[in-house]
Amino acid sequence: MKYIIVISLVLSTLFVINNYQNNKAEVIIGVNNLNSSKIMDSLKKDFDNHSGIKFVHGSLMANTIVLEIEDNDIEVSTLSKLLENWGCSIESISYRILSSIK
């Protein structure tokens with residue numbers, strides 16, 4: 001009985017640690033000066049090349065970029081710098097956890 005409790009505790013701990021490390025988040029960025037498809041394509045390439053970003057989608061009509069990131073793997077200052085390289089800036093930003101369980 002003692003071994004079952006120990007094994008259960010170890011498996012539970014591993015499960016919690018594994019799920020904590022694999023949280024994904026969605027970041028929706030309202031962007032100033034997002035006015036051409038050339039800028040959008042360049043931004044997508046830059047975001048795709050960043051290691052913490054798993055998915056990028058943008059809309060010129062809504063002036064937004066949607067990112068899927070590994071939770072806490074990217075900072076707002078990094079996003080801001082990537083946008084500033086193309087003459088854009090953050091107008092608004094929204095962040096939410098997508099899932100904490102695989």
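The exercises below work through a predicted model of one chain, each with a task and a stepwise solution.

**Exercise 1. The overall layout**

Task: Determine how many helices and strands the chain has, in which pattern they follow one another, and what percentage of the residues count as buried.

Solution.
- Step 1. Counting the elements gives three helices and four strands in the chain.
- Step 2. Reading along the sequence, one meets these elements in the pattern α-β-α-β-β-α-β.
- Step 3. The chain has 102 residues, and 29% of them count as buried.
- Step 4. Among the contacts in the chain with a separation of 6 or more, 68% come from residues 24 or more positions apart.

**Exercise 2. Strand β3 and its partners**

Task: Find which strands pair with β3, in which sense and over how many bridges, and explain why β3 is described as largely enclosed by the rest of the structure.

Solution.
- Step 1. Strand β1, which covers residues 24–32, pairs with β3 in the antiparallel sense over seven bridges, and within this pairing I28 stands opposite V66 of β3.
- Step 2. Strand β2, which covers residues 53–59, also pairs with β3 in the antiparallel sense, here over six bridges, and S59 stands opposite T64 of β3.
- Step 3. Between β2 and β3 lie four residues, and the two strands form a hairpin.
- Step 4. Strand β3 spans residues 64–70, and because six of its seven residues are buried, β3 is largely enclosed by the rest of the structure.

**Exercise 3. Two asparagines with positive phi**

Task: Locate N33 and N63 in their loops, and state the phi value of N33 and that of N63.

Solution.
- Step 1. N33 is found in the loop that runs between β1 and α2, where, although not a glycine, N33 has a positive phi of about 70 degrees.
- Step 2. With a relative accessibility of 43%, N33 counts as partly exposed.
- Step 3. N63 belongs to the loop between β2 and β3 and, although not a glycine, has a positive phi of about 50 degrees.
- Step 4. The relative accessible area of N63 is 29%, so N63 is partly exposed.

**Exercise 4. M40 and D41 in helix α2**

Task: For M40 and then for D41, decide whether the residue is buried, partly exposed or exposed, and place each of them relative to a residue that is distant in sequence.

Solution.
- Step 1. M40 lies in helix α2, and its relative accessibility of 5% falls under the 20% limit, so M40 counts as buried.
- Step 2. Leaving aside neighbours within four places in sequence, M40 is in contact with L34, G58, S59, L60, T64 and I65.
- Step 3. From M40 to N63 there are 23 residues in sequence, while their C-alpha atoms are 9.7 Å apart in space.
- Step 4. D41 has its place in helix α2 as well, but a relative accessible area of 43% makes D41 partly exposed.
- Step 5. D41 and G58 are 17 residues apart in sequence, with a C-alpha to C-alpha distance of 8.9 Å.

**Exercise 5. The packing of α2 and α3**

Task: Describe the angle and the axis distance between α2 and α3, the handedness of their crossing, and the residues that meet.

Solution.
- Step 1. Helix α2 (residues 37–48) packs with helix α3 (residues 76–84) at an angle of about 145 degrees, and their axes are 10 Å apart.
- Step 2. The crossing in which α2 passes α3 is right-handed.
- Step 3. From α2, the residues L43, D46 and F47 meet L79, L82 and L83 of α3.
- Step 4. Sorted by character, the residues of this contact comprise five nonpolar, no polar and one charged.

**Exercise 6. E26 and L98**

Task: Establish where E26 and L98 lie, whether E26 is buried or exposed, and which side chain shares a polar contact with that of E26.

Solution.
- Step 1. E26 lies in strand β1 and, with a relative accessible area of 18%, is buried.
- Step 2. The side chains of E26 and R96 are joined by a polar contact of 2.8 Å.
- Step 3. Apart from neighbours within four places in sequence, E26 is in contact with V66, L67, S94, Y95, R96 and L98.
- Step 4. L98 has its place in strand β4, residues 89–99, and counts as partly exposed at 37% relative accessibility.
- Step 5. With the same neighbours within four places left aside, L98 is in contact with K24, A25, E26 and E68.
- Step 6. L98 and N23 are 75 residues apart in sequence, yet 7.4 Å apart in space from C-alpha to C-alpha.

Definitions and conventions:
Residues are numbered from 1 along each chain as its sequence is written. This is a predicted model: local features need pLDDT of at least 70, side-chain atom pairs count only at pLDDT 80 or more; totals for chains, interfaces and linings use all residues. Side-chain values use heavy atoms; hydrogens and water are left out. Axes are lines fitted to C-alpha atoms, for helices over the stretch in contact, and angles run from 0 to 180 degrees between N-to-C directions. A crossing is left-handed if the near helix is turned anticlockwise from the far one by less than a right angle, and right-handed if clockwise. Contact means heavy atoms within 4.5 Å. Ala, Val, Leu, Ile, Met, Phe, Trp, Tyr, Cys and Pro count as nonpolar, Asp, Glu, Lys and Arg as charged, and the others, Gly among them, as polar. Buried means under 20% relative accessible area, exposed over 50%, partly exposed in between (1.4 Å probe, protein chains only). Two strands pair if DSSP finds at least two bridges between them. A polar contact is a pair of N or O atoms within 3.5 Å; within protein, one must be able to donate a hydrogen and the other to accept it, and residues adjacent in sequence count only if both atoms are side-chain atoms.
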